[in-house]
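Hi everyone, thanks for making time for this. I'd like to walk you through one model today, a few residues at a time, so keep the picture open while I talk.

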Amino acid sequence: MTGTDVGTAERGLTIFNELPDDELTAHLIASCHLPVRRWADDVTAARPYPGLAALIETAQRGAAQLSAAEIVAAHDGLLRLGDPIRGAHAEARWSKSESGGVGTDEQLLAELEQANIAYEARYGHVFLISATRLTGRQIVDAIRRRIQHDDAAEIAEIKGELAKLLAIRLPKLLQELAGPGGAG
């Protein structure tokens, strides 16, 4: 991290700590692939955070404590990996960047679509994975592996993926808050 990045993150954390509760809760729900109000309220209520590590730890701990029903609810509105991502808002930009390894190979995209359909039939919600630095082949293989899980094992794996996503998304949220046009 450069000195500029550190300064931006510190400004973002200051803004994060000072935002009105409802505004911060909305930012968390919109940007962290975790639209569970109780989780966002708990992260908001634990302020002020002395640093990014404390924020990530609190957010991850809260995600680990979610019920199976809350985990399923967290998938509402999420796009399938491989589907086109539209929009210029922060979450769309981040999703495009994070899922860029899926690629454009038509055969692989067809395999991904079929794997997604099978996963959704098995679990009743879209597949969630931290796709940063993963190829389309790795994602297809992960779906095929995870479709073999029992429900409890899959919920545990989703919680692990949410922890990875939070470690990626929360620093981006702080940068967004501190940047031009952010809340600060």
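Let's start with a bit of vocabulary: a residue is called buried when its relative accessible area is under 20%, exposed when over 50%, and partly exposed in between. Take R38 as a try-out: its relative accessible area is 37%, so R38 is partly exposed. And before I go on, please remember that this is a predicted model.

Okay, so who does R38 talk to? Its side chain meets that of D42 in a salt bridge, 3.7 Å from N to O. D42 comes out at 43% relative accessibility, so D42 is partly exposed as well. Both residues sit in helix α3, which covers residues 37–45. They are 4 residues apart, and that is about one turn of the helix.

While we're looking at α3, have a look at T25. T25 belongs to helix α2, residues 21–31. Is T25 buried or exposed? With a relative accessible area of 2%, T25 is buried, because the cut-off for that word is under 20%. Which residues does T25 touch, if we skip its neighbours within four places in sequence? Those are R37, A40, D41 and T44. With T44 there is also a polar contact: the two side chains come to 3.2 Å.

Now let's move to helix α9, residues 151–178. Here's a little sum you can check with me. The helix has 28 residues, and at 1.5 Å a residue it should span 40 Å. If you're wondering how 28 gets you there, the expected span is 1.5 Å times one less than the number of residues. The C-alpha atoms at its two ends are 40 Å apart, so the expected span and the model agree.

That doesn't make α9 free of bends, though. There's a kink of about 25 degrees, and it is centred on L166. At the N-terminal end of α9, D150 acts as the cap. One of the side-chain oxygens of D150 lies 3.2 Å from the backbone nitrogen of A152.

Staying in α9, find P171. P171 is partly exposed, because its relative accessibility is 21% and buried would need under 20%. Which residues is P171 in contact with, again leaving aside neighbours within four places in sequence? The answer is L52, I56 and L166. You've met L166 already, as the centre of the kink. There's also a long jump along the chain here: P171 and L55 are 116 residues apart, yet their C-alpha atoms are separated by 9.5 Å.

Back to salt bridges for a moment. How many does the structure hold? There are 12 salt bridges, and I'll pick out a couple in this area. E157 forms one with R145, and the closest N and O atoms are 2.6 Å apart. E157 lies in α9 and R145 in helix α8, residues 136–146, so this pair ties together parts that are 12 residues apart in sequence. R145 has 44% relative accessibility, so R145 counts as partly exposed.

Another one stays within α9. K164 and E161 form a salt bridge with their closest N and O atoms 3.0 Å apart. They are 3 residues apart in that helix, about one turn. What I'd like you to notice is the accessibility of the two partners: K164 is partly exposed at 46%, whereas E161 is buried at 5%. There's also a network, in which salt bridges with shared partners join E111, R137, D141 and R144.

Last stop, the aromatic rings. The structure holds 3 aromatic pairs. Y119 and Y123 make a tilted pair, 4.7 Å centre to centre, with 45 degrees between the planes. Both are in helix α7, residues 106–123, and they lie 4 residues apart, about one turn. Y119 is buried at 0% relative accessibility, and Y123 is buried with 13%.

Then there's Y119 with F127. What kind of pair is that? The ring centres are 5.1 Å apart and the planes stand at 85 degrees, so the pair is edge-to-face. Both Y119 and F127 are buried. Put these residues together, and Y119, Y123 and F127 form one aromatic cluster. That's my tour, and I'm happy to take questions.

Terms used
Residues are numbered from 1 along each chain as its sequence is written. This is a predicted model: local features need pLDDT of at least 70, side-chain atom pairs count only at pLDDT 80 or more; totals for chains, interfaces and linings use all residues. Side-chain values use heavy atoms; hydrogens and water are left out. The bend at a residue is the angle between axes fitted to the seven residues ending there and the seven starting there. A polar contact is a pair of N or O atoms within 3.5 Å; within protein, one must be able to donate a hydrogen and the other to accept it, and residues adjacent in sequence count only if both atoms are side-chain atoms. Buried means under 20% relative accessible area, exposed over 50%, partly exposed in between (1.4 Å probe, protein chains only). Contact means heavy atoms within 4.5 Å. A salt bridge is a side-chain nitrogen of Lys or Arg within 4 Å of a carboxyl oxygen of Asp or Glu. Rings of Phe, Tyr and Trp (its six-membered ring) pair if their centres lie within 6.5 Å; planes under 30 degrees apart count as stacked, over 60 as edge-to-face and the rest as tilted.
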